[in-house]
Amino acid sequence: SYRILLGNMPVTEIIKSKVKVTDDAVAGAAAGAIARMISAPFDVVKIRFQLQSQVNPKYKSVLQSLRIVVKEEGILSLWKGNLSASYLWISYMMVQFSMYGVLKRFGEKIANPFQGSGSSQKGGEKAWQAFTQFLAGAGAGTASVVVTYPFDIMRTQFALQGQNVVFKSMASFIAHTYRTTGVKGFYAGLVPAMVGITPQMGLNFAFYETFRAIAMPEPSPLKPGRSQGDKGQKDSFGWATLKKGVCGGAAGGLSKLIVYPLDTVKKRMQGQVLTHTLSETAQRVHYNGLLHCFRTIQATEGLQGFYRGIVATVAKSVVSTAITFAAYEGVKDLLAASREPAL
């Protein structure tokens, strides 16, 4: 529990730690809302690519898919399921960033077995730091998925409905799903989702911290006889936020590219609970589990079956992750700055 992580910390340290968690949660929520609004069209296209049948596929490229969706369903259809998706992203980012902050700070207190002054020790120290960041990101991602997964199911459903609108509201979908499949219907595909998200978020945060350390190195300590100005000029708020966004975009795109096959499997298994409401372009195949889904895709579609919609997905991941980290870091900096006069 959080109390265990706090241990016997002094009261002032406990207050500071709680402030950090609150800042992480608020900044994460803001980042999730902003990123979702901008990246939603890519998400709609990605889901349709992943779940459409390959017998005369309707969607063939990102731009062609966007044109078809807008022509047949209107431009607002690019934000289908945006309410449930916004709930998903806001709650997901709140949990993710607050948990990552707690786990990262906890990991920093663990003794580094590679501490030393030699070059090999420094390399090991950096590897250990990246490893603890990976574990913190993986833990935060896992917690976020478990807490917010029903919103992911709803987002997938509304993005898939096409012109055949079966559910007009979240309430109607919740009532129908609970009546027909029970609670388990809200967690269809949870295992492959966790299998995919856990390493992806671990890689995402580890890559981000690594790229950020390269792009924005910490100023070296002052040596005797040197003035404060010798440390170098600090980046402006806008420039620093932009750098963090670029680092986040690179981290998001690379991590998504690595784990994309698992994302496809997750969406296929989610689709099973939605087959009665899918559009005519979605394929209807029953999977008996994670491994069966992998084997079926490999046998019937080959390796390319795992990478449907990869361009739209990576593009969306780069954009959304860049915006997410830029917004998250920017809001955190503003929150910290707002308290400075009182310190």
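A salt bridge is a side-chain nitrogen of Lys or Arg within 4 Å of a carboxyl oxygen of Asp or Glu. With that in hand, here is a good place to start looking: D24, R105 and K332 are linked in a network of salt bridges. Please keep in mind as you read that this is a predicted model.

## The overall picture

The protein chain holds 10 helices and 0 strands. Followed along the sequence, its pattern reads α-α-α-α-α-α-α-α-α-α. Of the 343 residues in the protein chain, 48% are buried. Among contacts with a separation of 6 or more, 79% join residues that are 24 or more positions apart.

## Salt bridges

How many salt bridges does a search of the whole structure find? The search finds 8. Three of the pairs are set out below, with the distance between their closest N and O atoms.

| Acidic residue | Basic residue | Closest N and O atoms |
|---|---|---|
| D24 | R105 | 3.6 Å |
| E329 | R212 | 2.9 Å |
| E301 | R308 | 2.5 Å |

Let us take the D24 and R105 pair before the others. D24 forms a salt bridge with R105. D24 belongs to helix α2 (residues 11-51) and R105 to helix α4 (residues 82-108), so this pair ties together parts that are 81 residues apart in sequence. Are these two partners buried or exposed? D24 is buried, with a relative accessible area of 1%. R105 counts as buried too, at 17% relative accessibility, because the limit for buried is under 20% relative accessible area. The network mentioned at the start brings in K332 alongside D24 and R105.

The pair of E301 and R308 also forms a salt bridge. Both of these residues are buried.

That leaves R212 and E329, which form a salt bridge as well. R212 lies in helix α7 and E329 in helix α10, so the pair ties together parts that are 117 residues apart in sequence. The two partners fall into separate accessibility classes: R212 is partly exposed, with a relative accessible area of 25%, whereas E329 counts as buried at 7% relative accessibility.

## Where α7 meets α10

The helices that carry R212 and E329 deserve a visit of their own. At what angle do helix α7 (residues 190-215) and helix α10 (residues 310-339) pack? The angle is about 65 degrees, and the axes are 13 Å apart. That makes α7 roughly perpendicular to α10, because angles of 65 to 115 degrees are counted that way. The crossing of the two helices is right-handed.

Which residues make this contact? From α7 come N204, F205, Y208 and R212, while α10 supplies T321, F325 and E329. Sorted by class, the contact of α7 with α10 has 3 nonpolar, 2 polar and 2 charged residues. R212 and E329 are thus familiar names here: they are part of this contact and they form a salt bridge with each other.

## Three residues worth a closer look

E209 is another residue of helix α7. E209 counts as buried, at 13% relative accessibility. Not counting residues up to four places away in sequence, E209 touches Y100, K104 and Q133.

Y328 sits in helix α10. With 6% relative accessibility, Y328 counts as buried. What does Y328 touch, once residues up to four places away in sequence are set aside? Its partners are D24, A27, G28, A31 and F97. One of them, D24, is the residue described above as a salt-bridge partner of R105. Y328 also offers a pairing across the sequence: Y328 and M93 are 235 residues apart in sequence, yet their C-alpha atoms are 9.3 Å apart in space.

G245 is placed in helix α8 (residues 237-272). Its relative accessibility is 6%, and G245 therefore counts as buried. Leaving aside neighbours within four places in sequence, G245 is in contact with A322 and A326. The C-alpha atoms of G245 and G330 are 9.6 Å apart, with their positions 85 residues apart in sequence.

## Drawing it together

Helix α10 is a handy thread through this report. E329 of α10 pairs with R212 of α7, and Y328, also found in α10, touches D24. D24 in turn is linked with R105 and K332 in the salt-bridge network.

Conventions. Residues numbered from 1 in each chain as written. Predicted model: local features only at pLDDT ≥ 70, side-chain atom pairs only at ≥ 80, totals over all residues. Heavy atoms only, no water. Axes fitted to C-alpha atoms, helices over the stretch in contact; angles between N-to-C directions. Helix = DSSP H or I, 4+ residues; strand = E, 2+ residues; numbered from the N terminus. Parallel < 35°, antiparallel > 145°, perpendicular 65-115°, else oblique. Left-handed = near helix turned anticlockwise from the far one by under 90°. Contact = heavy atoms within 4.5 Å. Nonpolar A, V, L, I, M, F, W, Y, C, P; charged D, E, K, R; others polar. Buried < 20%, exposed > 50% of the residue type's maximum accessible area, 1.4 Å probe, protein only.
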